[in-house]
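Colleague: Thanks for sitting down with me over this one. Could you show me the model, and then let me quiz you on the labels you use?

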Amino acid sequence: AAKENGRDGCVVYTAELEQRTNQNLLLQNDLRNAINQQQLMLYYQPIVQRDGKIVAAEALLRWYHPKLGFVSPAEFIPVAEHSGLIIELSRWVIAEACRFINSLAAKNCVIPRISINISARQFNHIDFVPSFLSAIAEFQVAPAQLQLELTEHLLLTDLSVIQDKFEALRQAGIAVAIDDFGTGYSSLSYLQHLSLTQLKIDQSFVKQIGCSHKADAIVSTIVNMAHALELQVVAEGVETPEQRQFLLNVGCDSFQGFLWSKPVPAASFTELLTQEFLQPEHGNQ
Ligand code: C2E
Ligand code: MG
Ligand code: MG
Ligand code: MG
């Protein structure tokens, strides 16, 4: 009867939904312990200039759950945001990125700029800017060695409040990028009012380069607009030589994607830094 029809689409769907809800609760509880139990790691993905020179690295949070294995940040960041744990989590991320910068300096490595993702909830916290600046001062990390990546989601807040925060960060010498540019359904007017340094073209556009004339047009338009506004442009999620070539042709400044390297643990990233230029590796995925 019904039980034997367990493979019926509806039944499986319901079970999956229930499983998801339970999993989110479970994640929320376990995430509280993740910091203390040293289950968090930062991976680093190189960002290269047109000639392949590593100019920056994006720090990407990884959680190794003792039972579930690696849980994707796309899954646990929203849980952390929802529960407010994001504040504690991001404190750890900022400290860990500073420790990494200092460990590179101790090895006499050339230190690329480290780019950190900041969620809207975190940025909107009243203390965000002063607490960020005092955290990096504590580690004696120079502001020029850091960049923040913010998404258009935070633009839902009162622009004048955000404007002051952007100004304070830029005054302190922190570079600020808009991440996933072009996907946030926001008006472009913020580009006129916020003190920014960089736009990161969303992967969804990059993926369609060469497959859709419209995507091609959007990508080249973003590059032209950014340059007219004196902003740097990074393309994210570059996977193929054809995408790279198109981006070079339209004048994109830097690139990030599996074509050069996946995000890797700190030790492997330090290895990568021994190469002055990264070669794009055809079909390495
Ligand atoms: P994001 O900031 O847009 O990061 C880029 C994502 O694209 C990363 O996924 C990266 O692994 C992936 N990626 C890079 N190159 C390629 C490529 O060539 N192909 C494909 N298919 N993917 C590529 P990841 O690490 O899973 O992170 C997902 C999102 O989670 C990030 O998107 C960011 O929004 C968030 N996140 C990660 N770490 C943090 C963190 O420390 N704090 C906050 N607040 N959010 C974070
Ligand atoms: Mg990012
Ligand atoms: Mg992105
Ligand atoms: Mg994203």
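Colleague: Which residues form one aromatic cluster?

Modeller: Happy to start there. In this predicted model, the cluster is made up of F123, F128, F132 and F166.

Colleague: And what makes K165 a charge that sits over the ring of F123?

Modeller: The charged end of K165 is 5.4 Å from the centre of the F123 ring. The limit for that distance is 6 Å, and the end must also be within 35 degrees of the ring normal. K165 is listed as sitting over the ring, so it passes this rule.

Colleague: How many aromatic pairs does the count come to?

Modeller: It comes to ten aromatic pairs. One to look at is Y43 with F70, whose ring centres are 6.3 Å apart with planes at 70 degrees.

Colleague: Why is the pair of Y43 and F70 called edge-to-face?

Modeller: A pair needs centres within 6.5 Å, and planes over 60 degrees apart count as edge-to-face. With 6.3 Å and 70 degrees, Y43 and F70 meet both conditions, so the pair is edge-to-face. The pair also links distant parts of the chain: Y43 belongs to strand β1 (residues 40-49) and F70 to strand β3 (residues 69-71), 27 residues apart.

Colleague: Are those two rings buried or exposed, or something in between?

Modeller: Y43 has a relative accessible area of 16%, and buried means under 20%, so Y43 is called buried. F70, at 46%, is partly exposed, because that label covers values between 20% and 50%.

Colleague: Now the metals. What are the protein donors of the magnesium ion (ligand 2)?

Modeller: They are E58 (OE), N117 (OD1), E149 (OE) and D179 (OD), at 2.0 to 2.2 Å from the ion. The cut-off is 2.8 Å, so these atoms count as donors. Along the chain their spacing reads E-x58-N-x31-E-x29-D. N117 lies in strand β4 (residues 113-117) and D179 in strand β6 (residues 175-181), so this pair ties together parts that are 62 residues apart in sequence.

Colleague: What makes D179 a bridge?

Modeller: D179 is a donor to ligand 2 and also to the magnesium ion (ligand 3), along with D180 and E236. The two ions lie 4.1 Å apart.

Colleague: Which of these donors, D179 or D180, is buried?

Modeller: D179 is, with a relative accessible area of 6%, whereas D180 is partly exposed at 26%. The line between the two labels is 20%, so the values fall on opposite sides of it.

Technical notes: Residues numbered from 1 in each chain as written. Chains lettered and ligands numbered in written order. Predicted model: local features only at pLDDT ≥ 70, side-chain atom pairs only at ≥ 80, totals over all residues. Heavy atoms only, no water. Donors = N, O, S within 2.8 Å, 3.2 Å for Na, K, Ca; no water. Helix = DSSP H or I, 4+ residues; strand = E, 2+ residues; numbered from the N terminus. Buried < 20%, exposed > 50% of the residue type's maximum accessible area, 1.4 Å probe, protein only. Phe/Tyr/Trp six-rings, centres within 6.5 Å; stacked < 30°, edge-to-face > 60°.
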